[in-house]
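Student: I have a model open and would like to go through the reasoning behind its labels. Could you take me through it, one question at a time?

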Amino acid sequence: MTKIVAHLDRCVGAGQCVMTDPDAFDQSEEDGTVIVLQDTPADDEALQRARSAVETCPSRTLSLTE
């Protein structure tokens with residue numbers, strides 16, 4: 001099972017993850033850091049969106065683990 005992991009100490013609040021997959025990610029109103037709403041993609045389409053979010057994150061905050 002693939003899980004989304006966020007390394008919050010790296011997050012710069014760019015919001016690329018939210019724009020890529022608003023169902024899985026949000027941003028903290030306090031500091032703009034990522035909030036993972038769904039840490040396990042439900043299907044192949046959700047997994048593809050998660051991969052895109054990982055790839056577009058400018059600070060490499062997100063990763064996928066098996």
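Student: Which residues does Leu8 touch, not counting residues up to four places away in sequence?

Tutor: Leu8 touches Val34 and Thr61 on that count. Keep in mind that this is a predicted model. Leu8 is found in the loop between strand 1 (3-6) and helix 1 (16-20). From Leu8 to Ile35, 27 residues apart in sequence, the C-alpha to C-alpha distance is 8.9 Å.

Student: Why is Leu8 called partly exposed?

Tutor: Partly exposed covers values between the buried limit, under 20%, and the exposed limit, over 50%. Leu8 has 47% relative accessibility, so it counts as partly exposed.

Student: What makes Glu30 count as exposed?

Tutor: The cut-off for exposed is over 50%. Glu30 has 80% relative accessibility, so exposed is the right label. You will find Glu30 in the loop between strand 2 (25-27) and strand 3 (34-36). Glu30 and Lys3 are also 27 residues apart in sequence, and their C-alpha atoms are 25 Å apart in space.

Student: Let's move to another loop. Why is Ser59 called buried?

Tutor: Buried means under 20% relative accessible area. Ser59 comes in at 19%, so it is buried. Its place is the loop between helix 2 (44-56) and strand 4 (62-65). Leaving out residues up to four places away in sequence, Ser59 touches Arg10, Cys11 and Val12.

Student: How do you know that Ser59 and Thr61 make a polar contact?

Tutor: The distance cut-off is a pair of N or O atoms within 3.5 Å, with one able to donate a hydrogen and the other to accept it. The side chains of Ser59 and Thr61 make such a contact at 2.7 Å.

Student: Arg60 is in the loop between helix 2 and strand 4 too. Why is Arg60 called partly exposed?

Tutor: The label applies between the limits of 20% and 50%. Arg60 has a relative accessible area of 46%, so it is partly exposed. Have a look at the backbone of Arg60 as well: phi is near 55°, a positive value in a residue other than glycine.

Student: Now the cysteines. How many disulfides does the structure hold?

Tutor: The structure holds zero disulfides.

Student: Why is there no bond from the sulfur of Cys17 to the closest cysteine sulfur?

Tutor: A disulfide needs two cysteine sulfur atoms within 2.5 Å. For Cys17 the closest cysteine sulfur is in Cys57, and 6.5 Å is too far for a bond.

Student: And why is there none from the sulfur of Cys57 to the closest cysteine sulfur?

Tutor: For Cys57 the closest cysteine sulfur is in Cys11, at 6.4 Å, so that pair is too far for a bond as well.

Student: What makes Cys17 and Cys57 count as buried?

Tutor: The limit is again under 20%. Cys17 has a relative accessible area of 9%, so it is buried. Cys57, at 10%, counts as buried for the same reason. Cys57 is found in the loop between helix 2 and strand 4. The C-alpha atoms of Cys57 and Ala14 are separated by 7.8 Å, with their positions 43 residues apart along the chain.

Student: Which residues make up the largest nonpolar core?

Tutor: There are ten residues in all, including Ile4, Cys11, Cys17, Phe25, Val34, Val54 and Leu62. Helix 2 gives the most to this core, with three residues. As for Val54, it touches Arg60, Leu62, Ser63 and Leu64, not counting residues up to four places away in sequence.

Student: Finally, the whole chain. What pattern does it follow along the sequence?

Tutor: The protein chain has two helices and four strands, in the pattern β-α-β-β-α-β.

Student: Why is the chain called as compact as a globular protein of its length?

Tutor: Its radius of gyration is 11 Å, and the globule rule gives 11 Å for 66 residues, so the chain is as compact as a globular protein of that length. Along the principal axes, the C-alpha atoms fill a box of roughly 30 × 20 × 15 Å. Buried residues make up 33% of the 66 residues. Of the contacts between residues at least 6 apart in sequence, 59% join residues at least 24 apart.

Methods
Residues are numbered from 1 along each chain as its sequence is written. This is a predicted model: local features need pLDDT of at least 70, side-chain atom pairs count only at pLDDT 80 or more; totals for chains, interfaces and linings use all residues. Side-chain values use heavy atoms; hydrogens and water are left out. Buried means under 20% relative accessible area, exposed over 50%, partly exposed in between (1.4 Å probe, protein chains only). Contact means heavy atoms within 4.5 Å. A nonpolar core is a set of buried Ala, Val, Leu, Ile, Met, Phe, Trp, Tyr and Cys residues joined through side-chain atoms within 4.5 Å. The radius of gyration is taken over C-alpha atoms; the globule rule is 2.2 Å times the number of residues to the power 0.38.
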